[in-house]
Amino acid sequence: MEKFEKLKEKAPSGATELMEIRGLGAKKIKNLSDALGVRTLSDLKNAIIAHRLKRLEGFGEKSEKNLARAIEQYEKSHARLALGKALPLADEVISALKASVKAEPLKSISRK
């Protein structure tokens, strides 16, 4: 466990989130961090907007476009609430509403 913590300290702070972006792996993240100071998703988005990625070896205009699309997909997929969190919240709302109106969960939530 101690070895893991030491390795974790060496990694850029936002590396875990960046690893979830399709097309980025450890080598590319390290390259982005060392050359451009990209440490977070926000840093990466700014670098893409400023077209700084295509100056790096292994990146080009196509890479910038693909990463921009991958970030968009990542943000869309993380904007949704996980079912494990949504169901308890839905139950709370329904319980509160049942006292005054008839309320049932939508079919997409009620299917478990």
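## Two helices that cross

To talk about how helices cross, we need a convention: an axis is a line fitted to C-alpha atoms, for helices over the stretch in contact, and the angle is taken between N-to-C directions on a scale from 0 to 180 degrees. Now look at this predicted model and find helix α4, residues 41–49, and helix α5, residues 61–79. Their axes come within 10 Å and cross at roughly 145 degrees. The crossing of α4 past α5 is left-handed.

Which residues do the touching? On the α4 side they are L41, L44, K45, A47 and I48. Their partners in α5 are E64, L67, A68, I71, Y74 and E75. Sort the residues of this contact by type and you get eight nonpolar, three charged and no polar ones.

## The overall picture

Let's step back. The protein has seven helices and zero strands, so reading from the N terminus the order of elements is simply α-α-α-α-α-α-α. There are 112 residues, and 25% of them are buried. If you take the contacts with a separation of 6 or more, 37% of them join residues 24 or more positions apart.

How much confidence does the predictor have here? The mean pLDDT of the protein is 82, and 78% of the residues reach 70 or more. Among the elements, α4 has the highest mean pLDDT, at 94. Helix α7, residues 107–110, has the lowest, at 60. Here's a good habit to pick up: where pLDDT is low, predicted coordinates should not be read in detail.

## A helix with two faces

Next up is helix α3, residues 26–36. Which of its residues are buried? They are I29, L32, S33 and L36. These four cover an arc of only 110 degrees around the axis, so they end up on the same side of α3. The pattern of spacing has a simple background: an α-helix has 3.6 residues a turn, so residues three or four places apart point the same way.

Turn the helix around and you meet the exposed residues A26, K27, K30 and D34, on the face pointing away from the buried side. And what covers the buried residues of α3? The cover includes α2 (15–19) and α4.

## Just after α3

Follow the chain past α3 and you reach G37, which has a positive phi of about 75 degrees. G37 sits in the loop between α3 and α4. Is G37 buried, partly exposed or exposed? With a relative accessible area of 35%, G37 is partly exposed, because that value falls between the 20% and 50% cut-offs.

Leaving out residues up to four places away in sequence, G37 touches L32 and D43. L32 is one of the buried residues of α3 that we met above. You can also check a distance: G37 and A47 are ten residues apart along the chain, and their C-alpha atoms are separated by 9.4 Å. A47 is among the α4 residues that meet α5.

## The loop between α4 and α5

Two residues are worth a look in this loop. One is H51, which lies between α4 and α5. Most residues other than glycine have a negative phi. H51, however, has a positive phi near 55 degrees. H51 counts as partly exposed, at 43% relative accessibility.

The other is R55, placed in the loop between α4 and α5. R55 is exposed, with a relative accessible area of 60%. Where does R55 sit relative to L36? They are 19 residues apart along the chain, and their C-alpha atoms are separated by 10.0 Å. L36 itself is one of the buried residues of α3.

Note on methods: Residues numbered from 1 in each chain as written. Predicted model: local features only at pLDDT ≥ 70, side-chain atom pairs only at ≥ 80, totals over all residues. Heavy atoms only, no water. Left-handed = near helix turned anticlockwise from the far one by under 90°. Contact = heavy atoms within 4.5 Å. Nonpolar A, V, L, I, M, F, W, Y, C, P; charged D, E, K, R; others polar. Buried < 20%, exposed > 50% of the residue type's maximum accessible area, 1.4 Å probe, protein only. Arc of directions from axis to C-beta. pLDDT = per-residue confidence, 0-100.
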